[in-house]
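Got your viewer open and a free hand on the mouse? Load the model and follow along, one selection at a time.

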Amino acid sequence: TPTIGVLALQGDTAEHLRVLGTLGVDAAPVLRPEDLDRVHGLVLPGGESTTMSKLAVRYELMEPLRKHIGEGMPAYGTCAGMIMLADRILDGAEGQQTVGGLDITVRRNAFGRQTESFEGPVDIDGLEGGPFDAVFIRAPWVEAVGADVRVLGQVAYGGRAGRIVAVRQGGLLATSFHPELTGDPRIHRLFVDMVKGQA
Ligand code: GLN
């Protein structure tokens, strides 16, 4: 049984632990560098990426996170967690650092003020059972992807189709939205399968 960690610095850690707990894996909060040695995969939750980043530095987790993810530990970032996994950010705070690993450029708070949060169906490539009911909360989108990144989901916004909201690159998965809030475990199950080497 794999153990899947959820970064517990800030954000909606508890919701991810709860969903993972229903999927037959051991789920554990990660707050110290040594916690990372005990997990086979890591979820980086939604929350506030500048705060999460500052806390990661303060708790001496930033370098261990970079090391583990750089060495191939599977990771899944939702919303602020997607920002944390991105190699490049637009509209970041002054000096905002990321863990990186995912060859994408994300734009923070990309869905403007009028639509700080919204919900809607998104087709996710490879996910059976129909569109995913996605909740976006001050969400980023992916503005550019590297050659090894597969786009899994897009939404239309502001009269333009094709805003990228779900991506995968090898063992790294990221969504702009929050599947831990809607009771549909399919994306967490995909990540569990990735950690098991079955997806
Ligand atoms: N807007 C937040 C950020 O920039 C992300 C919001 C979220 O995780 N729901 O970090």
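Begin by selecting Gly47, Glu48, Ser49, Arg108, Ile137 and Arg138, the residues that an unreviewed UniProt entry lists under "binding site". In this predicted model, they cluster in space even though they are spread over 92 residues of sequence, and the largest C-alpha distance is 12.7 Å.

Now show the ligand and pick out what surrounds it. You should get Gly46, Gly47, Glu48, Ser49, Cys79, Ala80, Ile83, Arg108, Asn109, Ile137 and Arg138. Try colouring that shell by class: 4 of its residues are nonpolar, 4 are polar and 3 are charged.

Next stop, serine 49. Zoom in and you'll find Ser49 in helix H2, which covers residues 49-58. Is Ser49 buried or exposed? It is buried, because 29 C-beta neighbours sit inside 10 Å, and 20 or more is enough for that label. To see who it meets from further along the chain, skip the neighbours within four places in sequence and select Ala80, Ile83, Met84 and Arg108, which are in contact with Ser49. Of these partners, Ala80, Ile83 and Arg108 should still be lit up from your ligand selection.

Swing over to isoleucine 137, another residue on the UniProt list. Ile137 is in strand S8, residues 132-137. Ile137 counts as partly exposed because it has 19 C-beta neighbours inside 10 Å, and the buried label takes 20 or more. Which residues does Ile137 touch, not counting those up to four places away in sequence? Select Gly46, Cys79, Ser117 and His178. Gly46 and Cys79 also belong to the residues around the ligand.

Time to leave the ligand and look at some backbone. Most residues other than glycine have a negative phi. The next two stops have a positive one.

Go to glutamate 60, in the loop between H2 and helix H3 (62-70). Check the backbone here: phi of Glu60 is near 55°. Glu60 is exposed, because there are 10 C-beta neighbours inside 10 Å, and 12 or fewer earns that label.

Last, select aspartate 91. Asp91 is in the loop between strand S5 (86-90) and strand S6 (102-107). Where does its phi fall? Near 60°, a positive value in a residue other than glycine. Asp91 counts as exposed because 12 other C-beta atoms lie within 10 Å.

Technical notes: Residues are numbered from 1 along each chain as its sequence is written. This is a predicted model: local features need pLDDT of at least 70, side-chain atom pairs count only at pLDDT 80 or more; totals for chains, interfaces and linings use all residues. UniProt positions are given in the numbering used here, feature names are shortened, and annotations may be inferred rather than shown by experiment. Helices (H or I, at least four residues) and strands (E, at least two) are DSSP runs, numbered from the N terminus. Two residues are in contact if their C-beta atoms, placed from the backbone, lie within 7 Å. A residue is near a molecule or strand if its C-beta atom, placed from the backbone, lies within 6 Å of it. Ala, Val, Leu, Ile, Met, Phe, Trp, Tyr, Cys and Pro count as nonpolar, Asp, Glu, Lys and Arg as charged, and the others, Gly among them, as polar.
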